[in-house]
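Visitor: Could you take me on a close look at one part of this model, the sheet and how its strands are paired? I would enjoy a connected walk from one side to the other.

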Amino acid sequence: MKTLDGRYRLEQRIGVGGMSEVWRAHDEVLDRPVAVKLMSPGSRDGDDPVERIRTEARSAARLVHPNVASVHDFGTCRTPPDGQTPYIVMELAEGETLATHLRAGPLDWRIAVRVCAEVSAALAAAHAHGIVHRDVKPANVILTPAGVKVLDFGIATPTGAPDPTPEGIVVGTPAYLAPEQLDRAPATPAADMYALGVLLYYCLTGQLPYPAAGTMTQLLGSRRRQPPRPLPPVTGLPVEVADLCERCLAEDPARRPSSLMAALLLAEAVDARVYVPMHQPVPPRPRPAAVSPWTERAAAEATEAAVLDWTRRAG
């Protein structure tokens with residue numbers, strides 16, 4: 001076992017990625033379990049791991065939300081001969097990843113919608129701070145007894161920032177990238193909403209909205225040639241949820257809903273509560289065709305009243 005800076009005792013490695021690994025650890029000072037994310041030796045050429053992970057820590061530390069894993073600390077430890085390994089100390093989210101649950105097949109639609117409502121609420125908190133996650137996928141969603149936790153802001157970026165990676169390198173998981181990200185457009189919250197649409201589709205059907213592909217190159221090729229497949233019928237699924245999934249997967253970013261609107265709509269569909277940033281203006285809900293016509297003002301007032309009711313019940 002190792003101890004970082006005389007404080008964090010590494011106990012068990014629980015995850016390995018392309019540029020980092022995550023350990024279950026114990027904080028000897030505060031006597032509590034934590035997760036420690038260490039940079040792995042194989043960093044990208046030209047990448048400054050210390051600065052990159054410090055940026056990640058700062059991005060995540062700005063987000064205080066029940067569905068975002070909290071960041072406790074940042075530091076570096078010496079590695080032979082003269083190197084430095086940066087690390088982030090995070091809340092240890094006890095549970096399994098959504099990816100693990102999906103190996104058994106699609107989720108019940110009520111569970112799928114509730115999970116995606118909480119993911120969208122976490123994204124709404126990030127977007128309110130001008131942060132785009134850029135890697136929303138099942139492996140970065142933990143299902144805990146207290147609800148969803150969204151992890152890994154390692155490639156998060158400010159809204160509208162250009163893609164700094166070298167030409168030919170795709171940042172993120174190709175199956176969840178929005179069409180504009182494949183063309184290296186600046187990151188926006190709409191890109192996260194596309195990923196949420198893929199996530200919702202996968203949770204409901206157990207499949208991606210693209211034809212199966214043997215390699216990453218084939219997947220990217222099929223994605224450029226054809227749009228996502230329509231969501232197949234799901235017994236009991238409300239029409240407004242299916243419509244939301246379709247709008248999230250729209251090629252035009254302007255057609256995609258905001259994370260705030262998606263969180264509220266999905267939560268209402270399963271009578272759940274979500275925590276959204278109330279300093280953002282509450283958008284009016286889209287009107288289903290079968291509902292009596294309301295005025296836009298009445299729709300907005302009804303939505304705001306529902307949000308205030310959720311807030312009152314939560315408080």
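**A walk across the open sheet**

Guide: Happily! In this predicted model, Leu4 stands opposite Tyr8 in S2, and that is a good place to step in. Leu4 lies in strand S1 (3-4), which pairs with strand S2 (residues 8-16) in the antiparallel sense over 2 bridges.

From here the whole arrangement can be laid out. The sheet is open and has 6 strands, in the order S1-S2-S3-S4-S6-S5, with antiparallel pairing. S1 and S5 stand at the edges; each has a single partner strand, so one side of each is left without a neighbour in the sheet. As general background, strands of a sheet pair through backbone hydrogen bonds, either parallel or antiparallel.

Now let us move along to S6, which sits between S4 and S5 in the strand order. On one side, strand S4 (residues 32-39) pairs with S6 (residues 83-91) in the antiparallel sense, over 5 bridges. Within this pairing, Lys37 stands opposite Ile88 of S6. On the other side, strand S5 (residues 71-79) and S6 are joined over 8 bridges, again in the antiparallel sense. Here Val71 has Met90 in S6 as its bridge partner.

That brings us to S5, the edge strand at the other end of the order from S1. A general point to keep in mind as you turn the view: in a regular strand the side chains alternate between the two faces of the sheet.

Definitions and conventions: Residues are numbered from 1 along each chain as its sequence is written. This is a predicted model: local features need pLDDT of at least 70, side-chain atom pairs count only at pLDDT 80 or more; totals for chains, interfaces and linings use all residues. Side-chain values use heavy atoms; hydrogens and water are left out. Two strands pair if DSSP finds at least two bridges between them. Helices (H or I, at least four residues) and strands (E, at least two) are DSSP runs, numbered from the N terminus.
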